[in-house]
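Below are some remarks on helix packing, the nonpolar cores and a few loop residues. Please read them with the coordinates open beside you.

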Amino acid sequence: MLKRVISVIVLAPILLYLVYLGGIPFLIGCFLILGISAYEFGHIYNRDEKCKTPIALLVVMVLLLASARYFIGFDASQRMMTSCIMVSMIWGIFAYEHHSTRAAFGFAVLVTGLVYIGWLGSYMISLRQVDNGFWWLTLCLLIVWMNDTGALFVGKKFGKHHMLPKVSPQKSWEGYLGGILTALLTACLLHIAFPAISNMLTRNQVLILAFILSAFASMGDFGESMIKRTFDIKDSSNIIPGHGGFFDRFDTVFWAMPICYLFYELISYGLLQV
């Protein structure tokens, strides 16, 4: 637990500072998060002899997709996504031709990693580039982190009823609800403390966002747990003391970013006036 707390104290301010800086420093931070997560993702699947995914290719395509989001824009990045899927298939074709009879597994992992980490993860970049992007991204990160923290402590103290015991035995309904309440309280305090947030969203809007993020972003955690349990491993790596790997640390963030971006669009189009 102590290692976990120390890692958060060290890494969270660094990430928030990169979010504040924006530009190339922020992009480099996203490269590290997405690139390492993609490497860990591919490495997990390569534990199975049936699957020989070209991890370097996966990492390169994820970074190309993130670059397209930053330099070209959201709409144009769809063309990069299309191209990367085609490249993945071409790799599979030639891999099979050269006696890799399990090439189809590698192709499936390439596309899955590209979509899950590259496409969803790159919403960090898209969200930072919107109007008031620093505040949108900071609000989203703080809500998600505090939801995780609340769920952890409430679950350890009061957790009795398991949510998905096969997927994640330590997660409880009590912890899940504790995380939601912590996220709502965090959103309320941020709305009061920072005029930039209160000018951007009404109190009801920020509470709705906090509820949606805390209720659904945890599916990213469960999803990663499902993958790890399939391959009988505890962590994606040990690069972050107390947390495991980058994929472990940012699994909920990969879900939260597209949710928050879609919420931003609802607000921008005037579809959620509460």
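Which hand, left or right, does the crossing of α7 and α10 have?

1. The model discussed here is a predicted one, and the question just put can be settled from it, since the crossing of α7 and α10 is right-handed. The axis of helix α7, which spans residues 133–158, comes within 10 Å of the axis of α10, and the two cross at roughly 50°. That angle makes α7 oblique to α10. On the α7 side the contact is made by W136, L139, C140, I143 and N147, and on the α10 side by V206, L209, A210, L213 and S214. Sorted by class, the residues of this contact are eight nonpolar and two polar, with no charged residue.

2. Helix α10 (residues 203–216) also meets helix α12 (residues 246–268), their axes coming within 10 Å and crossing at roughly 150°. An angle over 145 degrees counts as roughly antiparallel, and α10 and α12 are therefore roughly antiparallel to each other. Their crossing is right-handed. From α10 the residues involved are Q205, I208, L209, I212, L213 and F216, which meet W255, A256, I259, C260, F263 and I267 of α12. Eleven of the residues in this contact are nonpolar and one is polar, while none is charged.

3. The packing of helix α11 (residues 218–230) against α12 has an angle of about 135°, with the axes 6 Å apart. The two helices, α11 and α12, are therefore oblique to each other, and their crossing is right-handed. The contact draws on S218, M219, G220, D221, E224, I227 and K228 from α11, together with F247, D248, D251, T252 and W255 from α12. Here the division by class is four nonpolar, three polar and five charged residues.

4. On the interior, it may help to recall that in soluble globular proteins nonpolar side chains tend to be buried together. In this model the largest nonpolar core has 70 residues, and those with the most contacts inside it are F41, L127, W136, L139, L201 and M257. Helix α12 gives the most to this core, with 13 residues. A second, separate core has five residues, among them M163, I180, A215 and F222.

5. W136 deserves a paragraph to itself, being listed both among the residues with the most contacts inside the largest core and among the α7 residues that make the contact with α10. If its neighbours within four places in sequence are left aside, W136 is in contact with L127, V130, D131, M200, L201, L209, C260, F263, Y264 and I267.

6. Is S122, which lies in the loop between α5 (103–121) and α6 (123–128), buried or exposed? With a relative accessibility of 0%, S122 counts as buried, the cut-off for that term being under 20% relative accessible area. Apart from neighbours within four places in sequence, S122 is in contact with L34, L65, A66, R69 and I117.

7. F231 is found in the loop between α11 and α12, and with a relative accessible area of 16% F231 is buried as well. Not counting residues up to four places away in sequence, F231 touches I44, Y45, R47 and D48. For anyone checking separations, F231 and H98 are 133 residues apart in sequence, and their C-alpha atoms are 27 Å apart in space.

How values were computed
Residues numbered from 1 in each chain as written. Predicted model: local features only at pLDDT ≥ 70, side-chain atom pairs only at ≥ 80, totals over all residues. Heavy atoms only, no water. Axes fitted to C-alpha atoms, helices over the stretch in contact; angles between N-to-C directions. Helix = DSSP H or I, 4+ residues; strand = E, 2+ residues; numbered from the N terminus. Parallel < 35°, antiparallel > 145°, perpendicular 65-115°, else oblique. Left-handed = near helix turned anticlockwise from the far one by under 90°. Contact = heavy atoms within 4.5 Å. Nonpolar A, V, L, I, M, F, W, Y, C, P; charged D, E, K, R; others polar. Buried < 20%, exposed > 50% of the residue type's maximum accessible area, 1.4 Å probe, protein only. Core = buried A, V, L, I, M, F, W, Y, C linked by side-chain atoms within 4.5 Å.
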